[in-house]
Amino acid sequence: MIEIRNLSKTYDSVQVLQAVNLTIERGGLTSIIGPNGAGKSTLLSIMARLLKPDAGSVRLDGMDVFATSGDVLAKRLSILRQDNSLAARLTVRDLVAFGRFPYGKGRLALADCEHIDRALAYLDLGPLEHRFLDELSGGQRQRAFVAMVLCQDTDFMLFDEPLNNLDVLHAVNMMGLLRRMARDLNKTVVVVLHDINFASCYSDQIVVMKEGRLDALGSPEAIIQKPVLERVYGTRFEIDMLRGQRIATYYG
């Protein structure tokens, strides 16, 4: 599990996170939602040790994230950030192979190649493995980066707004893929999302952030409720049931 205790972070006198306490159990897909500036991406970055908090702690199955060596942590936790562009001209296979760096430090063994092949197959990237990233569509390129994270073979996988710049079809496919990774491969997947309805339809648990604080935590049935969403986002909502799923509509 991921245990976050009393986490705080300030940028230029603005407190972005304020004494956040949160536990994410192993397994399933957890979405983090909330308005702009709520602290979602900052929280995820601290969980992955990309940022250091001003106060508080993050533990991964009891292991202090900030006191653990990078080599050990990289075999337990992986992250795909919003800005995942690379200056180098790489093929899809080259990119996915980066996921094995914590294990072989760039020297690929047979076991590493097998992981790469499995990740390419799982993301249906086999036909594209020798294509350069700049030759791919946005959706294909995003799948390649997810395959790199999958190839790292960590128990905990964090994704910061993975639907950015994806059209509806590719966004739906991406969320279906992340949910399958959680359920089929027994991964703990944590995703920062802006789209409330993707969170509703694909999550096992939803974390709601507002003004740097944990506002609510629970199942989609508990969170996708008119009073909760109106309190957090400050606008009117209506909730409808569609094929057993809660769908939020909102108005100015």
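Biologist: In α1, which residues are buried?
Modeller: Lys40, Thr42, Leu43, Leu44, Ser45, Ile46 and Met47. Buried means under 20% relative accessible area, exposed means over 50%, and partly exposed lies in between (1.4 Å probe, protein chains only).

Biologist: What makes helix α1 mostly covered?
Modeller: Helix α1 spans residues 40-47, and 7 of its 8 residues are buried. Helices here are DSSP runs of H or I with at least four residues, strands are E runs with at least two, and both are numbered from the N terminus. After α1 comes arginine 49, with a positive phi near 65°.

Biologist: What are the ground rules?
Modeller: This is a predicted model, in which local features need pLDDT of at least 70 and side-chain atom pairs count only at pLDDT 80 or more, while totals for chains, interfaces and linings use all residues. Residues are numbered from 1 along each chain as its sequence is written, and side-chain values use heavy atoms, with hydrogens and water left out.

Biologist: Why are α5 and α6 called oblique to each other?
Modeller: Start with the angle. Helix α5 (residues 110-122) and helix α6 (residues 138-151) cross at roughly 140°, and their axes come within 9 Å. Axes are lines fitted to C-alpha atoms, for helices over the stretch in contact, and angles run from 0 to 180 degrees between N-to-C directions. Under 35 degrees counts as roughly parallel, over 145 as roughly antiparallel, 65 to 115 as roughly perpendicular, and the rest as oblique. The pair α5 and α6 is therefore oblique.

Biologist: Which hand does the crossing of α5 and α6 have?
Modeller: It is right-handed. The term applies if the near helix is turned clockwise from the far one by less than a right angle, while an anticlockwise turn is left-handed.

Biologist: Which residues make that contact?
Modeller: From α5, His115, Ile116, Ala119 and Tyr122; from α6, Ala147, Leu150 and Cys151. Contact means heavy atoms within 4.5 Å. These residues split into 6 nonpolar, 1 polar and no charged. Ala, Val, Leu, Ile, Met, Phe, Trp, Tyr, Cys and Pro count as nonpolar, Asp, Glu, Lys and Arg as charged, and the others, Gly among them, as polar.

Biologist: What is the angle between α6 and helix α7?
Modeller: About 15°, with the axes 11 Å apart; α7 covers residues 168-184. That angle makes α6 roughly parallel to α7. The crossing of α6 and α7 is right-handed. Gly139, Gln142, Arg143, Val146 and Leu150 of α6 meet His170, Met174, Leu177, Leu178 and Met181 of α7. That contact holds 6 nonpolar, 3 polar and 1 charged.

Biologist: How many disulfides does a search of the whole structure find?
Modeller: The search gives 0. A disulfide needs a pair of cysteine sulfur atoms within 2.5 Å. Cysteine 113 is in none, and its nearest cysteine sulfur, in cysteine 151, is 9.3 Å away. That distance of 9.3 Å between the sulfurs of cysteine 151 and cysteine 113 is too far for a bond.

Biologist: Why is cysteine 113 called partly exposed?
Modeller: Its relative accessible area is 26%, so cysteine 113 is partly exposed. Cysteine 151, at 1%, counts as buried.

Biologist: What is notable about the phi of aspartate 61?
Modeller: Aspartate 61 has a positive phi of about 50° although it is not a glycine. Most residues other than glycine have a negative phi. Aspartate 61 sits in the loop between β4 (55-60) and β5 (63-64). At 33% relative accessibility, aspartate 61 is partly exposed.

Biologist: Where is glutamate 161?
Modeller: In the loop between β7 (156-160) and α7. Glutamate 161 also has a positive phi, about 50°, and is not a glycine.

Biologist: Why is glutamate 161 called buried?
Modeller: Its relative accessible area is 11%, so glutamate 161 is buried.

Biologist: How do you know that threonine 30 is buried?
Modeller: Its relative accessible area is 3%. Threonine 30 lies in strand β3 (residues 28-33). Beyond its neighbours within four places in sequence, threonine 30 contacts Ile24, Val189, Val190, Val191, Gln205 and Val207.

Biologist: What makes leucine 108 partly exposed?
Modeller: Its relative accessibility is 44%. Leucine 108 is in the loop between α4 (101-104) and α5. Leaving aside neighbours within four places in sequence, leucine 108 touches Ala97, Arg100, Cys113 and Ile116.
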